[in-house]
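Trainee: Could we go through this structure together, one question at a time, so that I can follow each step of the reasoning?

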Amino acid sequence: MASSAARDLLARLGFPAALRLGTAGEASPVHRLELRIDALDAALGGGFPRGRLSEIVGPPSSGKTALLYGLFATATSRGEIVALVDLADAFSPAAAAAAGVDLARTLWVRPPSVIAALRCTELLLDAGGFGVVAIDLGSTRHRTRLETGAWPRLARAVERSRTVATVLARERVAGAASALGLALRPLTRHWSRCDRGPNLFDGFDAEVTLVRNRLGISSSHPAATTGAVRISAV
Amino acid sequence: MSTRAIRIACILVPNFPIAALYRVEPALREVPLALIDSPGPRALIVAVSEAAARRGVRPGLTATQGSAICTALALRPMPGARPHPSGPGPHAPPADGGADYRRAAQAALCEVATSCSPRIEDPHDETGNGYGLVYLDARGVPFPSEQALGAALGARAAHVGLEARVGIASTKTTARLAALTSSGVTVVPPGADRRFLAPLPIGILEPDPERAAALIRWGIARIGELACLSPAAAGQRLGATGAALVRRARGEDDSPLVPRPLPLVFEEEIDLDYGIDTLEPLGFVLRGCFDRLITRLELRALACGGLRLSLRLTTQEWEERTVAVAAPTTDVKVLLTLVRLHLESHPPAAPVEAIRAAALPAHVRAAQLDLYRPAGPAPERLATTLARLSAICGSERVGRPAIVGSHRPEAIALMPFDPISPPPSSPAAAPEGSCRLALRAVRPPRPVEVFDTRGEPDFVRGDGFGGRVVALAGPWRLAGEWWTTDGFARDYYDVSLSDGGVYRVYRDRRTAAWFVEGEYD
């Protein structure tokens with residue numbers, strides 16, 4: 001009785017209700033793009049998920065941009081093409097190249113507004129074939145303007161692709177639309193002093209916390225701290 | 001389909017001036033239409049549509065007479081017949097005044113032929129003779145039969161907005177007459193040219209009046225009867241023209257097919273009934289132009305790599321516009337968006353009354369898949385996406401980042417994005433196990449307020465950040481381009497502030513002002 005009712009419901013609602021109701025136990029495997037940081041990759045179940053929206057958030061100087069460039073470097077070293085929708089206009093080609101990003105395989109888009117940034121991201125996801133598409137919202141707060149269904153729409157666009165889609169922001173903005181949320185927090189700053197010269201800024205340690213996880217990664221608590229990452233100048 | 005015998009296909013568009021106008025203004029198909037030789041009530045009708053002919057309008061009547069016979073008659077000037085008040089304008093000014101839509105239609109017809117065979121002959125000349133007619137070599141083309149070739153030519157002509165007839169025979173004359181005398185596709189088998197021509201009236205060979213009268217006096221009414229005469233004997237009585245007439249009647253061509261490469265020129269033009277001063281109706285007109293351009297480009301397996309617009313204003317001046325396209329595209333919507341954005345930012349000085357749009361042809365590059373690398377975006381799809389991104393952000397804000405050979409830290413460059421054949425690069429090896437420190441650029445560097453103690457920053461206050469300096473590194477000096485007026489000399493510091501952020505700031509040694517250049521993240 002229950003199964004026939006479910007079948008009727010599926011017939012009436014069609015996709016995607018059919019997908020969710022009928023195949024709960026047969027979820028397709030999530031492909032991943034590793035970051036080559038063993039501890040973090042292990043905590044994420046193999047790396048950043050493809051076909052899902054993820055978020056990297058944190059205050060200034062917490063290492064989120066370094067993490068993104070690391071992701072770009074991994075993808076471009078595999079021959080993949082990456083795209084950055086840079087609302088903040090903060091991309092530094094020199095820093096990215098130093099981090100190992102192949103700039104020849106990097107598409108840099110600088111949209112004039114948040115709405116344009118989302119539209120550009122959707123276009124890139126619809127084009128297909130990109131290894132990573134990142135949207136850098138910078139430091140401004142956009143949450144109130146974007147709560148009107150923009151993020152779920154973006155998440156659906158990601159699901160149709162094999163792209164790692166990630167949002168870089170001060171705080172979480174995508175809400176339930178994101179499958180993975182990483183929050184970074186700066187720990188120790190490292191400075192070194194030359195004998196008779198000035199100090200040098202060597203980098204810092206950052207604490208990475210898994211604040212959202214809809215991927216079935218085994219974790220004792222959804223807010224489990226995954227560990228520290230070293231962000232170094234050399 | 002392959003044969004060694006000469007086979008020629010002829011594409012013919014009957015009543016070409018009317019057909020060419022229909023291509024530009026499809027709505028005119030619904031009304032009786034006549035073309036006049038000049039503006040004004042005493043203008044003479046020079047061509048009429050089928051609907052107008054059915055109502056009794058015929059060439060030679062004045063426009064007033066035509067309108068009296070058929071009150072719904074639409075009148076349009078015949079291209080090339082109207083002097084234009086403006087002098088020679090910029091970029092290919094119209095020699096004949098108004099837009100000559102026949103030129104674009106003829107080019108479209110040639111592109112239809114080129115899409116089936118590389119050897120085509122466009123017989124039209126500067127005076128307008130030969131419009132609506134294209135010959136092509138029908139040998140060795142990739143179609144199963146000549147009938148299939150003819151059907152394809154007809155279908156492609158319809159695709160570009162022209163209703164064409166196709167004749168295929170062993171000579172140009174027979175192919176043209178086959179197309180002229182029957183609708184659709186007519187194939188004259190090899191060796192059957194004379195038999196096909198025999199029952200046709202001699203008037204179809206268009207003899208001059210003197211020779212036509214002589215032939216009638218001799219009782220010759222059909223081409224077959226004319227073909228029985230000896231060319232030499234006919235030449236003695238009717239001159240060289242008469243001999244040529246007999247040879248044509250026998251299915252012999254005076255000149256062979258002379259194929260010429262088709263120039264890569266894609267232009268469409270249109271005259272408007274009145275000046276348009278708002279973007280929306282202008283976009284509607286442009287859409288038609290772009291549709292026709294893209295259809296022609298697609299026939300040559302090309303895409304639009306840029307647009308050149310010539311707008312004739314009501315002040316009789318021409319304005320030239322060049323609209324860049326980030327990547328070759330065949331998406332009309334993208335082109336319209338780019339042009340709309342361009343016109344919004346640079347509106348014309350007066351209402352627009354004529355448009356000439358030229359597409360710069362470009363190849364969409366094919367991608368070579370790699371066995372060991374993941375497939376990237378499909379080239380055409382990527383090109384369209386890039387064009388759309390450019391339409392949203394501006395073409396100067398979409399591309400591949402590049403490092404400039406300059407010591408100025410904020411110097412960047414944006415190059416066209418071409419991931420299909422990326423330039424050789426040797427990126428630094430990505431460090432494993434840790435992340436490389438990244439600097440988020442503040443572009444352009446923003447002024448900050450700095451309180452210093454003995455020259456070293458002690459407190460920094462900027463837009464959205466600020467605090468006491470808890471640790472710092474530096475200074476290190478950077479100077480360059482001193483030989484220019486825009487040189488720089490800076491003292492750099494990395495400062496960790498009490499708000500938690502680490503920033504790169506510098507003091508401009510020329511002005512003693514402080515700026516923030518980036519944030520470590």
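Trainee: Which residue of β13(B) does Val109(A) stand opposite?

Mentor: Before anything else, keep in mind that this is a predicted model. Strand β5 (residues 106–109) of chain A pairs with strand β13 (residues 398–403) of chain B in the antiparallel sense, over two bridges. Within this pairing of the two chains, the residue of β13(B) that stands opposite Val109(A) is Val398(B).

Trainee: How many residues of chain A are in contact with chain B, and what area do the two chains bury between them?

Mentor: On one side of the interface there are 57 residues of chain B, and they are in contact with 68 residues of chain A. Of the area that is buried, 61% lies on carbon and sulfur atoms, and the total between chain B and chain A is about 5300 Å².

Trainee: Which residue of chain A meets the side chain of Arg440(B) in a salt bridge?

Mentor: The rule finds three salt bridges across the interface of chain B and chain A. To count, a side-chain nitrogen of Lys or Arg must be within 4 Å of a carboxyl oxygen of Asp or Glu. For Arg440(B) the N to O value is 2.8 Å, and the partner is Asp136(A).

Trainee: Which helix gives the most to the side of chain B that touches chain A?

Mentor: By class, that side of chain B has 34 nonpolar, 10 polar and 13 charged residues. The helix that gives the most to it, with eight residues, covers residues 379–393 of chain B and is helix α13.

Trainee: Why does the salt bridge between Arg153(A) and Glu122(A) tie together parts that are apart in sequence?

Mentor: In this pair the closest N and O atoms are 3.2 Å apart. Arg153(A) belongs to helix α7 (residues 150–159) of chain A, whereas Glu122(A) belongs to helix α6 (residues 114–127) of chain A, so the salt bridge joins parts whose separation in sequence is 31 residues.

Trainee: What is the order of the strands in the open sheet of four strands in chain B, and which helix packs on that sheet?

Mentor: The pairing in this sheet is antiparallel, and the order is β9-β12-β10-β11. Its edge strands, each pairing on one side only, are β9 (266–276) and β11 (318–329) of chain B. β9(B) pairs with strand β12 (residues 352–362) of chain B over seven bridges, and here the bridge partner of Phe266(B) is Ala359(B). The helix that packs on the sheet covers residues 279–299 of chain B, touches β9, β10 (303–313), β11 and β12, and is helix α11.

Trainee: Which strands are at the edges of the open sheet of five strands in chain B?

Mentor: In this sheet the pairing is mixed, and the strands follow the order β5-β6-β1-β7-β8. An edge strand pairs on one side only, and in chain B the two that do so are β5 (120–121) and β8 (185–187).

Trainee: Which residue in the turn between β17(B) and β18(B) has a positive phi?

Mentor: Let us come to it by way of the preceding hairpin, where β16(B) and β17(B) have two residues between them and Arg454(B) takes a positive phi near 50°. Strand β18 (residues 465–480) of chain B then pairs with β17(B) in the antiparallel sense over four bridges, and Val460(B) stands opposite Gly467(B) in β18(B). This hairpin also has two residues between its strands, and the residue in its turn with a positive phi, of about 90°, is Gly464(B).

Note on methods. Residues numbered from 1 in each chain as written. Chains lettered and ligands numbered in written order. Predicted model: local features only at pLDDT ≥ 70, side-chain atom pairs only at ≥ 80, totals over all residues. Heavy atoms only, no water. Contact = heavy atoms within 4.5 Å. Buried area = accessible area lost by both parts, 1.4 Å probe. Nonpolar A, V, L, I, M, F, W, Y, C, P; charged D, E, K, R; others polar. Pairing = 2+ DSSP bridges. Axes fitted to C-alpha atoms, helices over the stretch in contact; angles between N-to-C directions.
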